[in-house]
Amino acid sequence: MAEFKEAPAGAGTLVQASTWLENRFPTAFDAYKVHMSEYYAPKNFNFWYFFGALALLVLVIQIVTGIFLVMHYKPDANLAFASVEYIMRDVPWGWLVRYMHSTGASAFFVVVYLHMFRGLIYGSYKKPRELVWIFGCAIFLALMAEAFMGYLLPWGQMSYWGAQVIINLFAAIPFVGPDLSLLIRGDYVVGDATLNRFFSFHVIAVPLVLLGLVVAHLLSLHDVGSNNPDGIEIKAKRDPKTGIPLDGIPFHPYYSVHDVMGVSVFLMIFTAVIFFAPEMGGYFLEFNNFIPADPLKTPLHIAPVWYFTPYYSMLRAVTDDMVNVFVGLTAVAGVLAFLKGGFKGLWKFAPLVGALVLAVMLKSFDAKFWGVVVMGGAVMILFGLPWFDKSPVRSIRYRPSWNKILYGVFVVVFAVLGYLGIQPPTVVGTLMSQAGTLFYFGFFLLMPWWSTWGEFKPVPDRVTFHAH
Amino acid sequence: MSDAAGDSPAFPSGATVDSGRRTWLAITCGAGALGGAAVAVPFVSTFAPSERARAAGAPVQVDISAIKPGEKLTVEWRGKPVWIIRRTPEQVAALTKNDKDLADPKSERKPADLTPVYARNEGRSIKPEFFVGVGICSHLGCSPSDRFTTGAQPSLPDDWNGGFLCPCHGSTFDLAGRVYKNKPAPDNLEVPPHMYVSDAVLVIGEDKKA
């Protein structure tokens, strides 16, 4: 235990109270220093650095509005739809709380996608921040589960058929699939049992996991320190006397005040959507979800909410033809690894055998299963990013100029995949999403090679910073 | 085991490891983990369908006398939509024309699950006129929508003979619930066990086991 401190003689009530508290709960005072007043963040943060704080804000909004929604919502297949309408029409200000929650879900994905893009372009996932990135990917995964299960609760047509499709994804897994999807539904069709368990997961299980992951994400970030747009390690240049990084400034008050501005702008946009376009033309709240769930009739056009559509496109892209393309690519990869892999002795044949096994598996299971693998793999592949990137520098600022074009194309492809996922399936659309899927996976899987090509620019010793 | 000994209070330097105690420690931990895993079993089991859900699933009787040729009636059986389609003679005749474009025209895939013995024919039905099928796409469980009109139309080939289009992922089925080639859906629509009690009354969910 630390030494007992004494408040100076004649100190005011506030100082005395704070001394009393510090003697009894020093952990809180230490945490304030470690995470706020003495957490030194690089001074060159730009626009992209608002989104982490904003994600935390949206998490708080979702938890608070969620608590109030649960007070009126009924997780029962016969009552759920009506209880949501009751919140919208009869509960005083219920519409506002519900629109905050539904808009918050989309806002969460907007800020999280931008936050992830920031990490991607500035190499924030590279050593020593691999774990920060991994916790972040796990948060993204938990967020997808949270959003998906929350979407079932209004028990509209889209809720019902969306859940039906996603749960049936698990049925595609060979051997255990059908039993697994039965276990998830708790009935032979999506029904009351499914609604009840999704409610339980949505309001307690996943949020607890999410909070734990957010704490791990922040603690691990504060252990290794924030990256910055230059991708320079600010801890390398410290003040010889104080040991404080020369390019670091205390998070509080500098970035806490800075983030208040970001929060203000965010809230302007957020409230504008809540008040003027809560359905966002059918993208935030789909029109078909204002029709109660009908297990006998699928809506004519069904699509997930916008934030899932890039992955949904990849799922739809996997047809029998696409599987044949996968077989071809597997063969090419196997032969290349055999010729150039540099394996010794009998191991030289390992890539060929591996490729053969994979090709046989590709052809022996349904394309439907591989669609599920591709969809899941598109999210899981993000976890590997710290090890795919072999670039000697972190930030895109000092990578070869053509990298900017490549990252730009990546963003466009992701957006096009998202657009195609909203549209009804067409022949051209399927071809485009197949090309997009190949690009998406190629971007990550070929990164160990392309990230080393080209001429890297010299990285400065100190961060680029222009005082205002 | 000197490497385990250090200067921490738990391992003062010079302390030795009592391997007998360590064995017991390992056994205790293992037994504890087993106990924990055993406790998980009842919790995971609660996810399975309840006795009530298992019991629901009685056969359904349907009066089919009012269905006109070319019309479809949808009834609910075990929470799923079951279609009863009265095919016109032209529609029945068109079925064979589809064979070359179908993934499994002879209903040979998973016959035990999808096609009862009495429905393993061109029309996948007991009577050529009436098709009875579960209206759930074998891809991801959407209910395909009717596309009975023949000829060219959006999302369908120009030589379309009538059938179903799944709105979710574009799988197409003919009027015998057979899936077309190179579509996300791997299998034909399921034909449920069914039988005719009389010309007008159909029972879904039960059949005469020969």
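In what sense, parallel or antiparallel, do S8(B) and S9(B) pair, and over how many bridges? The two strands run antiparallel, with three bridges between them. Keep in mind as we go that this is a predicted model. S8(B) and S9(B) make a hairpin, and four residues sit between the two strands. One bridge to look up is the one from B:His194, whose partner in S9(B) is B:Ile204.

B:Ile204 turns up again on the other side of the story. B:Val60 also has B:Ile204 as its bridge partner in S9(B). That bridge belongs to the pairing of S1(B) with strand S9 (residues 201-204) of chain B, which is antiparallel and counts four bridges. As background, strands in a sheet are joined by backbone hydrogen bonds, in either a parallel or an antiparallel arrangement.

Put those pairings together and you get an open, antiparallel sheet of three strands in chain B, in the order S1-S9-S8. Strand S1 (60-63) and strand S8 (194-196) of chain B are the edge strands; each has a single partner strand, so one side of each has no neighbour in the sheet. Going from one strand to the next, the twist averages 20°.

Now for the faces of S9(B). In a regular strand, side chains alternate between the two faces of the sheet. For S9(B), the covered face carries B:Leu202 and B:Ile204, while B:Val201 and B:Val203 are on the uncovered one.

Let's zoom out to the whole of chain B. Its secondary structure amounts to four helices and nine strands, and from the N terminus the elements read α-α-β-β-β-α-α-β-β-β-β-β-β. The radius of gyration is 29 Å, whereas the globule rule gives 17 Å for 210 residues; chain B is therefore more spread out than a compact globule. Along the principal axes, the C-alpha atoms of chain B fill a box of roughly 95 × 40 × 25 Å. Buried residues account for 30% of the 210 residues. Take the contacts in chain B with a separation of 6 or more: 52% of them join residues 24 or more positions apart.

Helix H1 (residues 19-45) of chain B is a good next stop. With 27 residues at 1.5 Å a residue, it should span 39 Å, and its end C-alpha atoms are indeed 39 Å apart. The number of buried residues in H1(B) is zero, so this helix lies largely in the open.

For another helix, hop over to chain A. Helix H10 (residues 251-276) of chain A has 26 residues, which should span 38 Å at 1.5 Å a residue; its end C-alpha atoms are 35 Å apart, which agrees. H10(A) does have buried residues, namely A:Tyr255, A:Asp259, A:Phe266, A:Phe270 and A:Ile274. An α-helix has 3.6 residues a turn, so residues three or four places apart point the same way. The buried residues of H10(A) pack against strand S1 (40-42), helix H3 (51-70) and helix H5 (94-121) of chain A.

Last, a residue that touches both chains. B:Lys80 sits in strand S3 (residues 80-86) of chain B. Its neighbourhood holds 18 other C-beta atoms within 10 Å, so B:Lys80 is partly exposed. Apart from its neighbours within four places in sequence, B:Lys80 is in contact with A:Val189, B:Val134 and B:Ile136. Measuring C-alpha to C-alpha, B:Lys80 and B:Cys166 are 16 Å apart in space, with 86 residues separating them in sequence.

Terms used: Residues numbered from 1 in each chain as written. Chains lettered and ligands numbered in written order. Predicted model: local features only at pLDDT ≥ 70, side-chain atom pairs only at ≥ 80, totals over all residues. Pairing = 2+ DSSP bridges. Axes fitted to C-alpha atoms, helices over the stretch in contact; angles between N-to-C directions. Rg over C-alpha atoms; globule rule 2.2 N^0.38 Å. Buried ≥ 20, exposed ≤ 12 C-beta atoms within 10 Å, placed from the backbone. Contact = placed C-beta atoms within 7 Å. Expected span 1.5 Å × (residues − 1).
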